[in-house]
Amino acid sequence: MKSSRTIRTATVIAAAVGALVLAGCSSSGNGGGTAGEDVTLEFVQSGDAAQGGGYAMLAKKYEEETGVKVKVVEVPGDDLRTRLRTASQANDLPALAAAPDADPAWTDRMLDLTDIAEEAKVIPALRVEDPEDGKVKALPTTLTGVGMFLNKTLWDEAGVEYPTSLDQEWTWDEYVQKATEVVDKTDAEFGGVIDSSAHRLRAFLFEFGSQGVTEQSDGTWALDEEGAKALEYFKKLNDDGFLPKAVWAAGDDPSATFKSGRVAGYMSGVWQIADFQANIKDFEWISVPLPQQPVRSTNYGAASWIVAYDGTGVEKETLDFVKWMYQPENYTEYCEISGCLPALEGLDIEYKDDAYAFDLYNGEIAASPEIAARQTVDGLKNSYTGLAIDSEPLKDETIKYLNGEQTLEQTVENINTVSTDQMK
């Protein structure tokens with residue numbers, strides 16, 4: 001289903017409020033400078049190479065146009081928070097970063113990006129203001145969402161049909177039945193694989209009608225009954241061997257598992273498209289609608305946040321670069337190279353390949369309930385107010401449940417207790 005066509009940003013997203021899975025950044029030191037001196041801006045991020053080198057392209061283009069160098073520093077996603085926190089404590093923050101969220105260790109060092117957000121027409125729901133002063137201090141890099149990929153070669157070999165558009169719905173029960181048939185008729189080993197991530201697990205819960213872990217009237221936080229049922233269903237998929245248990249229980253790489261060619265489907269997200277285009281050569285893959293049980297829902301938000309730091313000596317040059325980066329021509333080029341959904345309104349993004357897939361993600365986002373875009377924005381707001389959350393009880397306790405270390409009831413109780421303690 002390769003195609004080349006233009007996708008228009010879905011304006012309906014603007015009304016959503018965000019549970020945004022935020023992703024990595026890149027950092028480095030700053031070359032100080034005044035007018036007439038060479039300036040180097042260190043930009044810390046994660047994953048640029050995997051998504052086509054969009055930031056590297058922007059850095060090169062910016063230097064050609066202005067003479068200002070932007071040094072893009074790649075940091076592993078798992079190390080990004082620590083890298084920035086340590087840099088802040090050493091008073092050695094980079095000029096800017098694409099951070100997973102704001103950290104109380106450096107929130108007081110964030111430059112005001114309000115004017116840039118307004119001029120660039122950042123989707124309103126993603127213009128997250130600091131509750132203290134009403135300023136926007138972090139800009140969404142791109143829009144991200146959870147989705148479903150199939151090994152098209154396996155499904156076609158097995159002669160099993162699957163939906164290809166949003167008007168063709170299927171449930172998780174139907175997906176499991178069909179994927180099991182694919183395994184039985186081919187050399188596939190597993191019916192599916194799901195990233196070991198709270199972001200992906202939340203989408204799964206939402207599809208079962210859950211609201212996730214939410215604040216209760218008494219101030220505590222709790223997972224609802226629908227969420228507990230979803231976890232029980234998820235454990236059965238692992239116990240039955242439909243999902244490779246080693247991904248969640250032992251940390252095996254889900255993307256590599258899917259790319260082995262022996263898995264019928266993969267619940268991951270839009271960020272995988274660029275990687276699959278470049279690296280899957282042995283079989284044909286396809287994006288399809290997510291299963292429902294019975295709710296149509298993804299989990300979406302900002303992939304990460306562009307933040308710029310005060311006290312670096314290159315504040316003006318940094319703001320100039322961020323403003324330039326979010327100009328429609330430059331930002332559009334970045335999205336097209338990196339294979340990303342835009343976080344700005346009104347852009348025409350022309351994807352070279354698999355435009356249907358990006359269209360599908362936009363449709364899933366537009367059709368999702370409000371809860372699907374809430375929790376990451378809330379996370380950024382919490383960071384503004386000094387609340388640092390460094391663990392994911394939903395994921396951590398689910399892993400214990402999958403490993404047989406505790407019952408479903410104990411798992412839900414622990415999720416509730418740890419979540420409540422975190423939010424105090």
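# Sheet, helices and salt bridges

Biologist: Which residue of strand 3 is the bridge partner of Q45?

Modeller: In this predicted model, strand 2 covers residues 40-45 and pairs with strand 3 in the parallel sense over 6 bridges. The partner of Q45 is to be sought in strand 3, and the residue found there is E74.

Biologist: In what order do the strands of the open sheet of 5 strands lie, and which are its edge strands?

Modeller: The pairing in this open sheet is mixed, and the order of its strands is 3-2-4-13-5. An edge strand pairs on one side only, and this holds for strand 3 (69-74) and strand 5 (139-140).

Biologist: What angle does the direction of helix 1 make with that of strand 3?

Modeller: Helix 1, residues 54-66, packs on the sheet and touches strand 2, strand 3, strand 4 (96-99) and strand 13 (305-308). Helix 11, residues 315-325, lies across strand 2, strand 3, strand 4, strand 5 and strand 13, and runs at about 60° to strand 2. For helix 1 and strand 3, the angle between their directions is about 165°.

Biologist: Is V39 buried or exposed?

Modeller: V39 belongs to the loop between strand 1 (5-8) and strand 2, and V39 and V70, although 31 residues apart in sequence, have C-alpha atoms 8.4 Å apart in space. The cut-off for a buried residue is under 20% relative accessible area. Because the value for V39 is 5%, V39 counts as buried.

Biologist: How many of the residues of helix 6 are buried?

Modeller: Helix 6 spans residues 198-207 and is mostly covered. At its N-terminal end S197 acts as a cap, with a side-chain oxygen 3.0 Å from the backbone nitrogen of H199, while just after the helix G209 takes a positive phi of about 90°. The buried residues include H199, R200, R202 and E207, and the count for the helix is 10 of 10.

Biologist: How many residues of helix 13 are buried?

Modeller: Helix 13, residues 355-367, reaches 19 Å from its first C-alpha to its last, close to the expected 18 Å. Among its buried residues are Y356, F358, N362 and E364. The helix is mostly covered, and of its 13 residues the number buried is 10.

Biologist: How far apart in sequence are the parts that R262 and E189 tie together?

Modeller: The side chains of R262 and E189 meet in a salt bridge, at 3.9 Å from N to O. R262 lies in the loop between helix 9 (254-259) and strand 10 (265-269), whereas E189 lies in the loop between helix 5 (172-185) and strand 7 (193-194). Both are partly exposed, R262 at 37% relative accessible area and E189 at 44%. The salt bridge therefore ties together parts whose separation in sequence is 73 residues.

Biologist: Why can K229 and E225 be described as about one helical turn apart, and what is the distance between their closest N and O atoms?

Modeller: An α-helix has 3.6 residues a turn, so residues three or four places apart point the same way. K229 and E225 are 4 residues apart in helix 7 (residues 225-239), which means that about one helical turn separates them. E225 is exposed, at 55% relative accessibility. In the salt bridge of K229 with E225, the closest N and O atoms are at 3.7 Å.

Biologist: Which residue forms a salt bridge with K400?

Modeller: The pair sits in helix 15 (residues 393-402), its members 3 residues apart, and the closest N and O atoms are 3.2 Å apart. K400 is partly exposed at 31% relative accessibility, whereas its partner is buried at 6%. That partner is E397.

Key:
Residues are numbered from 1 along each chain as its sequence is written. This is a predicted model: local features need pLDDT of at least 70, side-chain atom pairs count only at pLDDT 80 or more; totals for chains, interfaces and linings use all residues. Side-chain values use heavy atoms; hydrogens and water are left out. Helices (H or I, at least four residues) and strands (E, at least two) are DSSP runs, numbered from the N terminus. The expected span of a helix is 1.5 Å times one less than its number of residues. Buried means under 20% relative accessible area, exposed over 50%, partly exposed in between (1.4 Å probe, protein chains only). A polar contact is a pair of N or O atoms within 3.5 Å; within protein, one must be able to donate a hydrogen and the other to accept it, and residues adjacent in sequence count only if both atoms are side-chain atoms. Two strands pair if DSSP finds at least two bridges between them. Contact means heavy atoms within 4.5 Å. Axes are lines fitted to C-alpha atoms, for helices over the stretch in contact, and angles run from 0 to 180 degrees between N-to-C directions. A salt bridge is a side-chain nitrogen of Lys or Arg within 4 Å of a carboxyl oxygen of Asp or Glu.
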